[in-house]
Amino acid sequence: MIAALLAAVVRRTAGPPLVIAGASATVLAWAPLAPRGDAGVVELHVLDVGQGDALALRTPRGRWLLVDAGPGPPIAPDAGRRTIIPYVRRRGGEVATLVLTHPDLDHVGGAPTLLAALEPDALVEPGFLATSGAYEGLLDSALAHGVAWRPSRRGLSLDLDGVRVRVLAPDSAWLAAQRDPNEASTILRIEYGAMAMLLVGDAEREQEAWLLANATADELRADVLKVGHHGSRTSSTAAFLDAVRPRVALVSVGRGNRYGHPAPSVLAALAARGAAVFRTDVAGTLVLRTNGRSLELVTATGTWSPESSSRSAPAGAVSSPP
Ligand SMILES: [Zn+2]
C-alpha cells in the first residue's frame with residue numbers, strides 16, 4: 001500500500017503542490033524530490049535519431065510533450081528503445097502527451113516501445129488510414145496501456161504548464177482527401193510568452209499551400225521552424241517560408257541519408273530569409289531553450305543566441321542572421 005502510494009507521489013512529477021489527505025509526513029517528503037524542469041524555461045529537444053523525427057518539448061515544470069518517435073524496424077533500429085526512452089528517463093519527468101505527426105515509419109517506428117515504457121496520458125495523431133505493422137503496433141500498444149487517443153484536428157489546443165500547444169492542421173476534409181501521409185501531417189504551433197514554434201512534420205508543398213489558404217498570418221509566423229520533411233526540396237516553398245519568417249530553423253535528418261536531405265536549395269532559401277539553420281546530421285541533438293522572451297540553441301559543442309552575436313556558433317549553424 002505504502003509502496004503504491006509512494007509510486008503515485010513520485011509519478012506526480014509536475015502537478016500542483018501535492019496534498020494527500022491523511023498521508024504521513026514521510027510520504028509528503030518525497031514530493032520535492034520529484035524531477036523538475038528549469039523554472040520558467042521551455043526546451044525543445046530535437047533528438048538525433050538518424051533519418052526521422054523525434055522531438056521532445058519540456059515544460060517549465062519538467063513534463064514532456066513528445067512529437068514523433070523516430071524510426072524503427074524494419075528500416076532502422078528502434079529509436080524508442082535506443083534513444084528516446086533513455087533520454088527522457090535520464091532527465092526525469094512524466095510524459096503528458098505523445099503526438100505523432102503522421103504514420104510513416106521514420107516517425108512512428110519507435111512508438112510502440114515508447115508507449116509501453118513511458119506511458120503518456122494521451123496519444124494525439126491524425127488517424128490517417130495506414131496499414132504498416134508499426135502503426136498497427138502502436139495502436140495496439142496504446143490500447144494495452146490505457147493511453148487515451150485523440151485525433152489531431154485543427155482547433156485542438158492543449159495547455160501544458162503554461163505552454164500552449166495548438167493543432168493548425170489537418171482538418172477532417174483535408175485529411176479525407178489525402179493519399180500521401182506526409183500531406184496529412186499534424187501541424188503544431190507552440191506558444192510560450194512571446195515566442196512561437198512551428199512543427200510541421202513532413203508537410204510538403206500542397207499542405208503548405210493549404211496552411212497559407214486556411215491559417216491566419218499570425219498562426220504561421222514563428223520564431224522557430226522545425227523544417228518540413230527533413231529539408232526535402234518538396235517542402236519549404238518560398239511563400240511558406242515568407243509567411244513563417246523563422247529566426248531559427250531546425251532540420252532533423254540522418255547523416256549520409258539516401259534521399260539527399262536536406263536540399264541545398266532549402267538551406268539557401270532559409271539562409272536568404274535570415275534564419276540560422278541547425279541540423280542533427282551535423283550537430284547531433286539540438287536543444288532550443290526559451291524563457292518566453294529570448295531564445296538560445298544548445299548543442300554538444302556550444303551555445304548560439306540571436307541576441308548575442310559574440311558567442312561562437314556551434315557546429316551545424318550554416319548561416320546566421322545578418
Ligand atoms: Zn519523415
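Two strands pair if DSSP finds at least two bridges between them. Helices (H or I, at least four residues) and strands (E, at least two) are DSSP runs, numbered from the N terminus. The model is predicted: local features need pLDDT of at least 70, side-chain atom pairs count only at pLDDT 80 or more, and totals for chains, interfaces and linings use all residues. Residues are numbered from 1 along each chain as its sequence is written, and side-chain values use heavy atoms, with hydrogens and water left out.

**View A. An open sheet of 7 strands.** The strand order is 7-8-9-10-11-12-13, and the pairing is mixed. Strand 7 (157-160) and strand 13 (276-279) are the edges; each has a single partner strand, so one side of each lacks a neighbour in the sheet. From one strand to the next, the twist averages 20°. Axes here are lines fitted to C-alpha atoms, for helices over the stretch in contact, and angles run from 0 to 180 degrees between N-to-C directions.

**View B. Strands 10 and 11 side by side.** Strand 10 (residues 195-199) and strand 11 (residues 224-226) run parallel and are joined by 3 bridges. Leu199 has Lys226 of strand 11 as its bridge partner.

**View C. Helix 8 across the sheet strands.** Helix 8 (residues 205-214) lies across strand 8 (163-169) and strand 9 (187-192). Its angle to strand 8 is about 110°.

**View D. Glu183, a buried acid.** Glu183 sits in the loop between helix 7 (172-176) and strand 9. Glu183 is buried but has no salt bridge. Buried means under 20% relative accessible area, exposed over 50%, partly exposed in between (1.4 Å probe, protein chains only). A salt bridge needs a side-chain nitrogen of Lys or Arg within 4 Å of a carboxyl oxygen of Asp or Glu. Arg205, the nearest side chain of opposite charge (Lys and Arg positive, Asp and Glu negative; His and the chain ends not counted), is 7.5 Å away. The Glu183 side chain does reach the backbone nitrogen of Glu204, at 3.1 Å. Beyond neighbours within four places in sequence, the contacts of Glu183 (heavy atoms within 4.5 Å) include Trp174, Gln178 and Ala203.

**View E. Two cis peptide bonds.** The bond from Pro73 to Pro74 is cis, with omega near 5°. Pro74 lies between strand 3 (64-67) and helix 3 (79-91), in the loop. The bond from His261 to Pro262 is also cis, with omega near -5°.

**View F. Positive phi outside glycine.** Glu119 has phi near 45° and is partly exposed, at 33% relative accessible area. Asp161 has phi of about 55°; at 18% relative accessibility, Asp161 is buried. Asp161 belongs to the loop between strand 7 and strand 8.

Definitions and conventions:
Polar contact = N/O pair within 3.5 Å; in protein donor to acceptor, adjacent residues only side chain to side chain.
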